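Could you walk me through this model, one selection at a time? I have the viewer open and would like to know what to pick next and what I will find there.

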Amino acid sequence: MKGFIKFLLKAVLAFLAAVLASLSFPNPISDTGFSILSFFALVPMFLLVRKSLWREVWFIGIVYGFSYYLVYNYWLSTFHPLAILIAPILESVQYMLLFPAMKLPSRLFKKRAYIAQAVIYVAYLYLTQQGFLGYPYGNPTAALWRYPVFIQSVDTFGIWGLALLLALPQGLVAEMIGEHRKPREYKADVVVIVVLYFLNVAYGLGSFAYYRKKAPERTIRIAAIQHSADSWEGGYATYRRNFETLRDLTLEAMEENPDMVVWSETAFVPSVAWHTSYPSNPLTSRLVDEFVEFGKNLPVPLVTGNPEGVWDDRSLPPILQDGTWNVKNYNSTILFDDAVIKETYRKQHLVPFTEHFPYQKQFPRLTAILIANDYNWWEEGTEATVFESDRIRFGTPICFEDTFGYISAGFVAKGADLLINLSNDSWSGSVPAEMQHMQLAVFRAVENRVPLLRSTNSGISCLVTAAGEVVDPMEPFTQSWKIYEVETGKKEGSTFYTEHPDLLAKIAIAAIPAILATGIVTSLRRAKAEKLERLAKRYGNLFGEDDRYEC
């Protein structure tokens, strides 16, 4: 009974530790979050890993992971009742694997296991961003967006260097508490960590001042249009109303003579590509024609999100006998320039389950559940299209894509001098949810040393400078527009991160086998030495380290 009570206490502490960590991000109490907690909130997690028994550590991981994402991503319940279950369940499985993996070093290394634990934690953060289930939300480095001086090093190490800086001292504190060790035993460790923090801040101060003061090659005046429409409301009447709102706001902004106008993700529906090629509805065709004429007659380039419908099965006609469309759809960005639709970008990294599910054949029952719950899926794009207009070269990561470092690095590596993110988080009905998205995007500007303009349906529309400053965010959930003075040409060549995205995280993954192998060898030698010591205490000097006697 006593052991069961201790186990329940650990589970409760895991829940409380998860809530504490989630509060470092934007939350219902604070729209900006309590960022300072990111420097302390991992200590309880590391301590729970260390103090939990092997037979229970996996379950403690489940409790922590589920609670963390249930509180942190509370706004998913607005998206769909199924979503608020899917995310915490998937993350709890990942933490179920992480906690035992992080416990292993504490058994292999008698001292300084926290270093291996920190490396494993960084590797975990990176691995959970990969593939179909890739989900960058929950990385504690995102909470550091409010400290631009501290995050400047991401232009070299990406967010993974910051993750290591957060994990090392907190893992050290957990080791000292968990093993009842005194701080003087870790003098060298403390000195090294302090030096790392000092170097990071020193680099940050220099870089922040440099990119703030450096004269741009060019300043572009971009009008971001925020029409604040209900994402879930569809139909012709809605599409027309949204278009008229976007048009009117754009015409107001044009009085300030911008160089470019940007709307949000899927701002205009229906698909221009499909309905101009295969018109089937007079009302829809007329609306599309009005939009196309507006874009062509606008005296400046117009960038907007618009679904791209493409003829799917070429063995069948585009419009089938029953009136349904033989179509596959992409979540796309189009550029109106010089009275034509100049180019299109197709979203490459889709939101798992809600935008994309590649395992329909393998999991037919889950597929049926998703379809029954009104999930609509897109096709994946394959190319980081870089638009060019009037010597402005820019990439347009769509919504979720600005949470991944490698996506934005891909645009910049292909020549983009500016990133324009088109997002639609209006469905959340939550300012903290929109802030959580925005804070992840801040790092993309610093990583590549290019400005990032966010033009959204309902927030957070803003400019992020190459130095990581968030400029003039619009009031969320309001119909508005704003002219942003975007300074380009501050970077000198490509940053190390742009050329080698996520390299530090990949090194962490590669280092884990070597670290664990070293730990195993060290553990075996220590066990042998302890056995000899016990024998020596029992039988005197008969059993020395080099003795070969047997009894």
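Start by selecting Arg 50, which counts as buried because its relative accessibility is 4%. Keep in mind as you go that this is a predicted model. Now add Glu 175 to the selection: Arg 50 and Glu 175 form a salt bridge, with 3.1 Å between the closest N and O atoms. The pair brings together distant parts of the chain, since Arg 50 sits in helix H2 (residues 42-51) and Glu 175 in helix H8, 125 residues apart. Is Glu 175 buried or exposed? Glu 175 is buried, because its relative accessible area is 0%.

Side chains of opposite charge can pair when their charged atoms come close. Here the pairing goes further, so extend the selection to Glu 179, Arg 181 and Glu 185: together with Arg 50 and Glu 175, they are linked in a network of salt bridges.

**Along H8 to its partner**

Stay with H8 and show it as a cartoon next to H6. Two packed helices are described by the angle between their axes and the distance between the axes. For helix H6 (residues 113-127) and helix H8 (residues 159-178), the axes come within 8 Å and cross at roughly 140°. That crossing is right-handed.

To see the contact itself, turn on side chains. On the H6 side, the residues that meet H8 include Ala 113, Tyr 114, Ile 115, Ala 118 and Tyr 126. On the H8 side, look for Trp 160, Ala 163, Leu 164, Gly 171 and Leu 172, among others. Glu 175, your salt-bridge partner from the opening stop, is also one of the H8 residues in this contact.

**Two backbone stops with positive phi**

Next, switch to the backbone. Most residues other than glycine have a negative phi, and most peptide bonds are trans. The next four selections depart from that pattern in one way or the other.

Select His 180, in the loop between H8 and helix H9 (187-213). His 180 is not a glycine, yet its phi is positive, about 55°. Its relative accessibility is 69%, so His 180 counts as exposed.

Then jump to Asn 257, in the loop between helix H10 (236-254) and S2. What is the phi of Asn 257? Phi of Asn 257 is near 55°, again a positive value in a residue other than glycine. Asn 257 counts as exposed because its relative accessibility is 59%.

**Two cis peptide bonds**

Move on to Val 269 and Pro 270, and check the peptide bond that joins them: the bond is cis, with omega near 20°. Pro 270 lies in the loop between strand S2 (260-262) and helix H11 (272-277).

For the other cis bond, select Gly 459 and Ile 460, where omega is about 0°. Ile 460 belongs to the loop between strand S11 (452-456) and strand S12 (462-464).

**Back to charged pairs**

The count of salt bridges comes to 22, and two more are worth a selection.

Pick Asp 337 and Lys 342, whose side chains meet in a salt bridge at 3.5 Å, N to O. Asp 337 counts as buried because its relative accessibility is 9%. Lys 342 has a relative accessible area of 41%, so it is partly exposed.

Then pick Lys 490 and Glu 487, another salt bridge, in which the closest N and O atoms are 3.0 Å apart. In this pair Lys 490 counts as buried because its relative accessibility is 8%. Glu 487 is partly exposed, because its relative accessible area is 36%.

**A loop residue with many contacts**

Now select Leu 350, in the loop between strand S7 (340-346) and helix H13 (364-372). Leu 350 is buried, because its relative accessible area is 3%. Which residues does Leu 350 touch, not counting those up to four places away in sequence? They are Glu 355, His 356, Trp 378, Glu 379, Glu 380 and Phe 400. For a distance check, draw a line from Leu 350 to Asp 338: the two are 12 residues apart in sequence and 30 Å apart in space, C-alpha to C-alpha.

**Last stop: a nonpolar patch**

Finish with a surface view of Leu 9, Val 12, Leu 13, Phe 15 and Leu 16, which make a nonpolar surface patch of about 450 Å². Of these, centre on Val 12, which lies in helix H1 (residues 2-22). Val 12 counts as partly exposed because its relative accessibility is 45%.

Definitions and conventions: Residues numbered from 1 in each chain as written. Predicted model: local features only at pLDDT ≥ 70, side-chain atom pairs only at ≥ 80, totals over all residues. Heavy atoms only, no water. Patch = residues over 30% accessible without salt bridge, like charges linked within 9 Å, V, L, I, M, F, W, Y side chains within 5 Å. Areas by Shrake-Rupley, 256 points an atom, 1.4 Å probe, with all protein chains shown as cover. Salt bridge = Lys/Arg side-chain N within 4 Å of Asp/Glu carboxyl O. Helix = DSSP H or I, 4+ residues; strand = E, 2+ residues; numbered from the N terminus. Buried < 20%, exposed > 50% of the residue type's maximum accessible area, 1.4 Å probe, protein only. Axes fitted to C-alpha atoms, helices over the stretch in contact; angles between N-to-C directions. Left-handed = near helix turned anticlockwise from the far one by under 90°. Contact = heavy atoms within 4.5 Å.
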